[in-house]
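Open the model in your viewer and keep the selection panel at hand. The tour moves from one selection to the next.

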Amino acid sequence: MRLSRYFLPVLKENPSEAQIVSHRYMLRAGMIKQSAAGIYSWLPLGFKVLKKIETIVHEEQMRAGHIPMLMPTLQSADLWKESGRYDDYGQEMLRISDRHGRDMLYGPTNEELITDIFRSHVGSYKDLPLTLYHIQWKFRDEIRPRFGVMRGREFYMKDGYNFDLTKEDALHAYNRHLVSYLRSYERMGLQAIPMRADGGPIGGDYTHEFLVLADTGESEVFYDSAVTDLTFGDRAIDYDSVEQCQGVLEEFTSKYARTDETHDEALFNEVPEERRRVARGIEVGQIFYFGTKYSEALGANVQGPDGKQSSVHMGSHGIGVSRLLGAIIEASHDDKGIIWPEGVTPFHCGIVNLKQGDAEADAACESLYEALTAAGLEPLYDDRKERAGGKFATMDLIGLPWRITVGPRGLKNGVVELTSRRSGESEELSPEAAVQKIVEIYANHQTGRGF
Ligand code: ATP
Ligand code: MG
């Protein structure tokens with residue numbers, strides 16, 4: 001993309017309504033624009049990152065054997081009346097009536113709808129296990145929408161639902177979700193720690209929230225600092241292996257890590273004092289096994305091998321796709337702007353032409369642009385007639401992890417400058433070597449082309 005032809009409405013001033021850094025930078029970098037409280041338009045740069053995050057989530061869900069689909073945002077209230085949640089959900093649910101006076105709602109989540117699909121089409125244990133998911137906009141009329149996309153009213157969420165014959169099978173599905181979530185967050189350059197959470201009115205031990213540590217997080221968390229040493233890495237996993245998935249769950253959840261809702265002071269005090277941490281975190285996902293709550297209420301039964309009918313065991317598993325943009329920025333920025341991890345960066349590399357209009361500099365930039373594009377990467381070429389200082393400030397703000405700077409002086413010696421946004425370090429290289437290096441860096445981070 002050439003910046004002169006892109007739409008990147010960067011703001012020079014700090015918007016006064018933004019209280020936290022991610023919200024401030026998303027507005028300043030021209031990623032989002034508020035349309036109403038907690039409701040945003042996604043401008044091209046924000047949309048691009050949103051789609052990259054979505055792609056990672058899809059890839060990792062499909063890798064785990066979960067099946068993508070799409071349910072609507074608007075739902076009929078009938079199913080919610082059947083499950084009993086129409087009255088329970090309270091004011092967070094946006095209720096609408098259509099021209100015929102029928103009760104509708106903008107879905108805050110999809111347990112009812114998916115269970116209805118299941119009961120209409122599945123009747124035998126032979127069709128199980130089954131996990132269906134979608135990535136769709138949700139609406140919750142939050143009492144206090146704030147922090148930009150972090151707590152929106154309309155937000156983008158992946159929600160998946162497993163259907164299993166037995167509790168044991170459903171817990172394997174739970175573990176599969178835990179593993180796939182660990183992989184997804186790591187690909188986004190994030191550490192999200194599974195913490196034991198509150199099962200709410202349904203109770204039970206089978207729910208974990210994934211938290212990204214950040215001072216601006218809304219949840220108070222208590223943990224053994226040893227959990228922050230755990231990484232999933234690129235280990236191979238067989239998602240059908242009950243043993244392997246269970247092993248990962250044990251590895252990642254056996255150390256103390258809880259949100260304030262389930263915090264147990266006595267247990268926490270058993271952690272060696274120097275490893276006890278009290279901090280804040282951003283919830284970027286949650287997994288939940290809830291047994292037969294919805295299948296009983298909605299009559300989602302299957303016939304077992306013994307010929308008997310029983311309610312299916314279910315769980316629901318969510319990732320806050322739009323919230324993740326805020327969480328990643330909270331975890332990765334400096335005073336100049338965002339620092340995108342390679343896995344989600346909107347463009348792989350920036351090209352800054354220090355002397356636009358200089359025949360040699362222009363030609364060198366064009367050939368870098370072509371070489372990077374031919375290698376399957378997306379560069380953002382700042383080809384505007386602007387001062388170098390302004391170009392650098394924009395690149396730093398929008399946070400591309402790598403920048404190639406091209407100027408007549410360097411070209412005389414056959415070099416361009418390659419700069420890491422994260423470390424600030426630069427090196428002089430031939431244009432070919434710079435391209436080669438960027439290609440190598442991204443060999444491990446392919447997320448496909450953005451939009
Ligand atoms: P919270 O406690 O933050 O209100 P929740 O526990 O009600 O969230 P879930 O139903 O678990 O949310 O939804 C799954 C994921 O969707 C959450 O982990 C979070 O990342 C994201 N999410 C929930 N509410 C919002 C919101 N208002 N804005 C943006 N993302 C949200
Ligand atoms: Mg939650």
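This is a predicted model, and the stops below cover a ligand, a metal ion and a cavity.

**Stop 1: ligand 1.** Select ligand 1 and show its surroundings. Around ligand 1 there are 14 residues. The closest are Arg 140, Glu 142, Arg 151, Gly 152 and Glu 283.

Now look at the polar atoms. Start with Gly 152: a polar backbone atom of this residue is 2.8 Å from a nitrogen atom of ligand 1. Go on to Met 150, where a backbone N or O atom lies 3.5 Å from a nitrogen atom of the ligand. Then pick Gln 286. Here the side chain takes part, with an N or O atom 3.0 Å from an oxygen atom of ligand 1. How much of ligand 1 does the protein cover? On its own, ligand 1 has 580 Å² of accessible area, and the protein covers 80% of it.

**Stop 2: the magnesium ion.** Keep Gln 286 selected and add ligand 2, the magnesium ion. Gln 286 gives OE1 as a donor, and Glu 283 donates through OE. These protein donors lie 2.0 to 2.2 Å from the ion. Is Glu 283 buried or exposed? Its relative accessibility is 25%, so Glu 283 counts as partly exposed.

**Stop 3: the cavity.** Which residues line the largest cavity? Select Tyr 40, Trp 42, Trp 137, Val 149, Gly 152, Glu 154 and Ser 322. The space inside is about 40 Å³. A search of the whole structure finds one cavity of 30 Å³ or more. Colour the lining by type: four residues are nonpolar, two polar and one charged. Gly 152 belongs to this lining and is also among the closest residues to ligand 1.

Note on methods:
Residues are numbered from 1 along each chain as its sequence is written. Chains are lettered from A and ligands numbered from 1 in the order in which they are written. This is a predicted model: local features need pLDDT of at least 70, side-chain atom pairs count only at pLDDT 80 or more; totals for chains, interfaces and linings use all residues. Side-chain values use heavy atoms; hydrogens and water are left out. On a 1 Å grid over the protein atoms alone, a cavity is a set of points where a 1.4 Å probe fits but cannot get out, and a pocket is an open set with protein on both sides within 12 Å along at least five of seven lines; lining residues have an atom within 4 Å of a point. Grid points are joined across faces, edges and corners, and a volume is the space filled by probe spheres set on the points. Ala, Val, Leu, Ile, Met, Phe, Trp, Tyr, Cys and Pro count as nonpolar, Asp, Glu, Lys and Arg as charged, and the others, Gly among them, as polar. Donors are N, O and S atoms within 2.8 Å of the metal (3.2 Å for Na, K and Ca); water is not among the atoms, so sites may look incomplete. Buried means under 20% relative accessible area, exposed over 50%, partly exposed in between (1.4 Å probe, protein chains only). A residue is near a molecule or strand if one of its heavy atoms lies within 4 Å of it. A polar contact is a pair of N or O atoms within 3.5 Å; within protein, one must be able to donate a hydrogen and the other to accept it, and residues adjacent in sequence count only if both atoms are side-chain atoms. Accessible areas come from the Shrake-Rupley method with a 1.4 Å probe; for residues, only the protein chains shown count as cover.
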